Each structure stands twice: as C-alpha cells, then as structure tokens.
Amino acid sequence: MNEFAFFIDYSRCIGCQACVHACSECDTHRGRSLIHLETIERRESVQTAPQVCMHCEDPICAQVCPADAIKQTSDGVVQSSLKPRCIGCSNCVLACPFGVPKYDADVDQMMKCDMCYDRTSTGRRPMCATVCPSGALAFATIEEIMQARRGHPVNDWWFGDAHVRTKVYVLVPTEVSRFDISIIPLSALRRAPKPPVDPYDVAALLEGR
Amino acid sequence: MDEPRWRQDFPVRWDEDHYVTRRELAKFLTLGSGLLAGANAMIALIGLTRTPPAAPVQRIAGVNDVAPGSSLLFRYPTSEDPCILVRDASGRFDAFSQVCTHLSCAVVHAPGEDVLACPCHKGAFSARDGLPTAGPPTRRLPRVVIEQRGDDLVATRLEV
C-alpha cells in the first residue's frame, strides 16, 4: 500500500465536479465535500484545478494548532481535526499555504481532506481518485504514473524561503524541478498603491460591474 | 532535542504521542490492587502470628497519693504513652489512656467531675468507663486495668 502515492495533474482537470460529489458521498462527512475545485482566471479560461490536502511532511496546520487537534499518522497522512479537541480557531485555515483546511461553522470545527483515510488505510483508493474521468487525480505507483504520463511528479514547494515537502505529488513538465511561489511581504503591500480592480473577481462579474 | 518541551508533550506525529492504552491502565490497576491486597494480607498475617509483648506490671502511685475527686498523670505501658488516673468522689479508681481517640490530644480532668475533657475539639469522655459522651470522638479511651496491692496502685494491662 505504501508504494501508492497521490498525484495531481492540474492540466488534465476538466472541471466535471465528479471528485467533489464523490467526496461528499463519503460516510465520514456525508453531504460535505472536502475537495476544493478551483477556477483559474475564470473570465478568460475554463481551466479548473482540484485541490486535495497535500499532506505536508511537516504540516503547518498541525504546527499552529493550539489544541493538538490535527495529527499526522505514521504513514504521513495529516488527519482532519479531532472533534473533541478542535476549538474552531481557524489558525490552520490561515496557515495552510494550499488553502485546504476550511472552518465549518455548522459543526464549529475545521474539516479537511484526509486522503480518505478510511479507504486508503485498508488499501483502497481515495474517492476522488477513483472517479476522476480524466486522470487529473490519480492514486497509483510512481512506475505506473511515469509510464502513462509525460512530465514528472514533483513535491517540493518553496514559498519564499520556506520549504515544504508534500506527500502528494503534482505532475509538471520535466524542466520544472520545484515550485517557487514568491511571497509579497506585508510591508510592501502596505506601501504599494491600491491594486487595480481584479479582472477575475467573480462576484463583480455576476453583478455586472 | 531542539524541540521545546510542550512540543514533545503534544507532538504532531501521532506515533510520538505517549498514549496510555486501556490495556496498560487495566494492567496497572490489576497489578496495583493485587500488590495492595497482598500487602494487607501480609500485615494481617503478621498481626495474627505475632503476640503482643506482655504489658509490664507497674506501680503507679500510693492509694493515698490521690485524693477523691482528683487525678494523677502517669505513663503506661511505656514512657511514651501518657495515661490518667482518676479517683471519683466515692474513692473508686479508674485509669485511661490520655490520648483522645479523635485526633490524639491529651484529655484533662477537672477536679470533682466525672468527665475527661479534650480541649482541642470539645470532646468529652466518661471518667467511669471511658466512653465518649460529647464532641467528635466516637471510640472509647483505652482503659488501664489497675489493681490495689496493699497501699499501692499497680497497672497490670491495657484494655483497648
């Protein structure tokens, strides 16, 4: 089971929402999807991107949790918050660089993707990877992926100077060896002039502004 | 360890957590209560097999040393055990341990009264039989059995 890994290929996503619905059918959080299907530059493009928990090797969400509610199991899976411990402070929501944890006010608790721990811990594939028709989400061995796909899997992320290594891989062209995400310091943001109107502001689009 | 102490207590990784399992707790409780029961049994066995040392026969005072209605302090069976000898108005002698059965204060006798009073919590014992009559004590004072031999009062044993 350990040789199986989770792969995301954003370029293959067709935005069909199958993963979202499969996720919300899970018995542990029925009716609530924990996978985020993001739209990318919605005015110009139909590109979508599925976002599951990346399961960082050193999970920032768990590091900032004041209630010891987010735990990482020995197989590297970062679990969703424990109901008796989570105090709903949303520290993890703010800390996660991937925007995965979300605070759920109805249950006053953070809920996030746990790689379908009930399934993967018994050798089955996660719900979303089972239903994805285009292979944007895949739960397979590295050999299988390397045979079937172009590009290569990468799990090194640099957010400014902070290095994050994740359990989940993202498939990228071979010339990309790591992700560099530049960070805008808050001080620079305060000094900068007011940003222009966001052309991808969906709410503004819907209101006809 | 460069990790702070609180992080060691609350690690992110679940397998580094020091959980006490139900089985460990059950094992500890079983062995602990077994040990306790065994120790109690040992103490009981020692108590059954060992005979207490015979109480010494000890002269307390002369009959005429204590006037009717007054009292006299002495130590019996060892010099660590304070006792009190009381003579009532009719001339009868009674002796008791002076240690209150509540919290071990020394009971005192007021001349002319048939009461041994404990000043600590206003406990009172009858000076006739040592039974508690007032206050917190619930057990009687141990009686020192005395005999009159000629003109001497002699303590022969302690009646708990």
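Biologist: Which residue stands opposite Arg143(B) in E10(B)?

Modeller: Glu159(B) does. Strands of a sheet generally pair through backbone hydrogen bonds, either parallel or antiparallel. In this case strand E9 (residues 143-149) of chain B meets strand E10 (residues 152-159) of chain B in the antiparallel sense, over seven bridges. Two strands count as paired if DSSP finds at least two bridges between them. The labels come from DSSP runs numbered from the N terminus: helices are H or I runs of at least four residues, strands E runs of at least two.

Biologist: Before I go on, what am I looking at?

Modeller: This is a predicted model, where local features need pLDDT of at least 70 and side-chain atom pairs count only at pLDDT 80 or more, while totals for chains, interfaces and linings use all residues. Residues are numbered from 1 along each chain as its sequence is written, and chains are lettered from A and ligands numbered from 1 in the order in which they are written.

Biologist: In what order do the six strands of the open sheet in chain B run?

Modeller: Read across the sheet, the order is E1-E10-E9-E4-E3-E2, with antiparallel pairing. Strand E1 (58-62) and strand E2 (71-75) of chain B have a single partner strand each, so one side of each lacks a neighbour in the sheet. On average, neighbouring strands here are turned by 30° against each other, direction ignored; the axes behind such angles are lines fitted to C-alpha atoms. Chain B as a whole has two helices and 10 strands, and the helices come ahead of the strands from the N terminus on.

Biologist: And what about the inside? Which residues touch the most other members of the largest nonpolar core?

Modeller: In soluble globular proteins, nonpolar side chains tend to be buried together. A nonpolar core here is a set of buried Ala, Val, Leu, Ile, Met, Phe, Trp, Tyr and Cys residues joined through C-beta atoms within 7 Å; buried means 20 or more other C-beta atoms within 10 Å of the residue's own, placed from the backbone. The largest core has 43 residues, and Phe6(A), Ile8(A), Cys19(A), Val52(A), Cys61(A), Cys128(A) and Leu137(A) touch the most other members. Elements giving it two or more residues include strand E1 (4-8) and helix H1 (18-24) of chain A. A second, separate core of 19 residues includes Val107(B) and Leu141(B).

Biologist: How many residues does each chain bring to the contact?

Modeller: Chain A gives eight and chain B five, with contact meaning C-beta atoms within 7 Å, placed from the backbone.

Conventions:
Contact = placed C-beta atoms within 7 Å. Axes fitted to C-alpha atoms, helices over the stretch in contact; angles between N-to-C directions. Buried ≥ 20, exposed ≤ 12 C-beta atoms within 10 Å, placed from the backbone.
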